[in-house]
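The report below follows a few elements of one protein chain and then turns to the chain as a whole. Please keep the sequence and the coordinates at hand while reading.

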Amino acid sequence: MRHADGGYRWFLLRGVAQRDASGRSSRVVGTVADITLRKRLEEVDVAERELLSLIAAAMPLSEVMSRFARLVSGLLNEDSICAVLTLTPGTAAVVDVVGANLPPALADWLRRDPAGADHDGRLLETLAGRRPLLCEDVQASPDLEGCRALFAAEGVRALWALPLAAQDGAVLGGLIILHPQAWRPGRADENVIERLVDIAQLALERARAERQVRELNESLERRVAERTTLLEQANSELEAFSYSVSHDLRSPLRAINGFAHLLAEHAGAVLDDEGRDMLERIQRGASRMGLLIDDILHFSRVSRVDMAHSEINLDTLAANVVADLAEQYPAASVELSPLGHASGDQSMLRQVFVNLIGNALKFSSRSPQPRVEVFVENRRGIPAICVRDNGVGFDPAYADRLFGVFQRMHGAEEFPGTGVGLAIVKRIVERHGGVIGVEAAPGRGATFRFTLAGFRPFDQADAVPAGEKAKPGAVSRTGT
């Protein structure tokens, strides 16, 4: 049954026929109950489920808002005109307008920015302040005086506007309800709209979050592209520097070495001891400079060269390195415990073992019984490959400096070297997703420990617990 306000009312009729003595129906006794509220609540439940299903299905925001407007219009009365504005947070600029039964002229008015001076600016100003706007009769209200002609032409008398805000208070949109008669929503209307507005706000907030994620991804992609460009430029400059080091610096070194050699051959007999010593110093300095150039180039290439990943047997790799170093340190004993396998670049990991085992042999060479151990150790559940020696050691206070370029704990006269080897080791280990550290004490040797992301120990149960001495393994070499 249609009410005078244009809306419909639902009634439930129940009746019982009363019969006379002959059994004929003489009258009907019944009741009439207004069940409009119950029917509206059922319709609201259906509308809520429909909107939530659209949101769960990740439907476009415009489609969700359009359906929201149609549901609101249907729940109020069939003559209502509903529109949903999507706004830009912070500026209250209209992004999109969708509606149910929305005339083109009113849609154009909303899209043109109703906050403009020719529209009094009342509508968006109120929504941006998170306040509703109710004009029971636009023609008699001063709030939207500039819109009276348009509303009269479109047959609109009443306006009800509600803000759609996120949980943080940002106004993301607005619900505009227009009515052809002077009208004021009742408490039941407010309850119905409030339930659907909560879901519409959820859809707007989700759309905002998705937009922010997209913008963040685009920003990250731009930043990655910029950083990639800068990295390519840096690599190009590094290539140029490496070329300069390789060619421009080697030429004078070759000249120095060549002329020093010629001078030693032609004038060595007439030079006194001091002169020959100076000549030898020149030759040693030039040779040392050549080694430094080689190590600098190697250090720069470690970061730039592409890694060739493969499955590596670390036991075989370590044994080959020990065999290659055997001639240089005939008095040393090297004990290799089972290590396992790793995924990585074989040439790079070989360089790690060459540098660490070579250093251990070098700095333990002055011990009465030089000894080097290579084993696996577990610390906090993470297996690490360890190289331990009984050499001269160093002050642990300077351990962090040890992995820098040209950082040495001992003079070149005492132990030869350029101070670049451990920096190369650190960079290779980091490129393999690991870390490296060292423990040492003066006169008590040093233990280097490093991890690798792709390392799988030979037998996790046999790994040496932290603090215990390594046990001799399957490979034991004496006299290396």
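How many of the 18 residues of helix 9 are buried, and what does that say about how the helix is enclosed by the rest of the structure? In this predicted model, 13 of the 18 residues of helix 9 are buried, so the helix is largely enclosed by the rest of the structure. Helix 9 covers residues 346-363, and the distance from its first C-alpha to its last is 26 Å, close to the 26 Å expected at 1.5 Å a residue.

**Strand 14 and its partners**

Strand 14 (residues 446-450) is likewise largely enclosed by the rest of the structure, because five of its five residues are buried. In a regular strand the side chains alternate between the two faces of the sheet. On one side of strand 14 lie Ala446, Phe448 and Phe450, and on the other Thr447 and Arg449, all of them buried, so that both faces are covered.

Strand 14 pairs in the antiparallel sense with strand 12 (residues 382-389) and also runs antiparallel to strand 13 (residues 436-440). The table sets out the bridges of these two pairings, together with those of strand 3 and strand 4, which are taken up further below.

| Strands | Sense | Bridges | Residues opposite each other |
|---|---|---|---|
| Strand 12 and strand 14 | antiparallel | four bridges | Isoleucine 385 and phenylalanine 450 |
| Strand 13 and strand 14 | antiparallel | five bridges | Alanine 440 and alanine 446 |
| Strand 3 and strand 4 | antiparallel | seven bridges | Leucine 87 and valine 94 |

Strand 13 and strand 14 form a hairpin with five residues between the strands, in which glycine 443 takes a positive phi near 75°.

**Asparagine 390**

Asparagine 390 belongs to the loop between strand 12 and helix 10 (421-431). Is asparagine 390 buried or partly exposed? With a relative accessible area of 30%, asparagine 390 is partly exposed, because buried would require a value under 20% and exposed a value over 50%. Although asparagine 390 and threonine 447 are 57 residues apart along the chain, their C-alpha atoms are separated by 9.0 Å. When neighbours within four places in sequence are left aside, asparagine 390 is in contact with Ser364, Ser367, Gln369, Pro370, Arg371 and Gly445. With arginine 371, moreover, the side chain of asparagine 390 reaches the backbone nitrogen at 2.9 Å.

**The five-stranded sheet**

Elsewhere, five strands make up an open sheet in the order 4-3-7-6-5, with antiparallel pairing. Its edge strands, each pairing on one side only, are strand 4 (93-100) and strand 5 (133-135), and the twist from one strand to the next averages 15°.

Two helices lie across strands of this group. Helix 2 (residues 61-76) lies across strand 3, strand 4, strand 6 (158-165) and strand 7 (171-179), and runs at about 50° to strand 4. Helix 3 (residues 104-111), for its part, lies across strand 3, strand 4 and strand 7, with an angle of about 160° to strand 4.

**The chain as a whole**

The protein chain contains 10 helices and 17 strands, and buried residues make up 41% of its 480 residues. Among the contacts in the chain with a separation of 6 or more, 64% are between residues 24 or more positions apart. The accessible surface of the chain comes to about 26200 Å², and carbon and sulfur atoms account for 53% of that surface.

Key: Residues numbered from 1 in each chain as written. Predicted model: local features only at pLDDT ≥ 70, side-chain atom pairs only at ≥ 80, totals over all residues. Heavy atoms only, no water. Expected span 1.5 Å × (residues − 1). Buried < 20%, exposed > 50% of the residue type's maximum accessible area, 1.4 Å probe, protein only. Pairing = 2+ DSSP bridges. Contact = heavy atoms within 4.5 Å. Polar contact = N/O pair within 3.5 Å; in protein donor to acceptor, adjacent residues only side chain to side chain. Axes fitted to C-alpha atoms, helices over the stretch in contact; angles between N-to-C directions. Areas by Shrake-Rupley, 256 points an atom, 1.4 Å probe, with all protein chains shown as cover.
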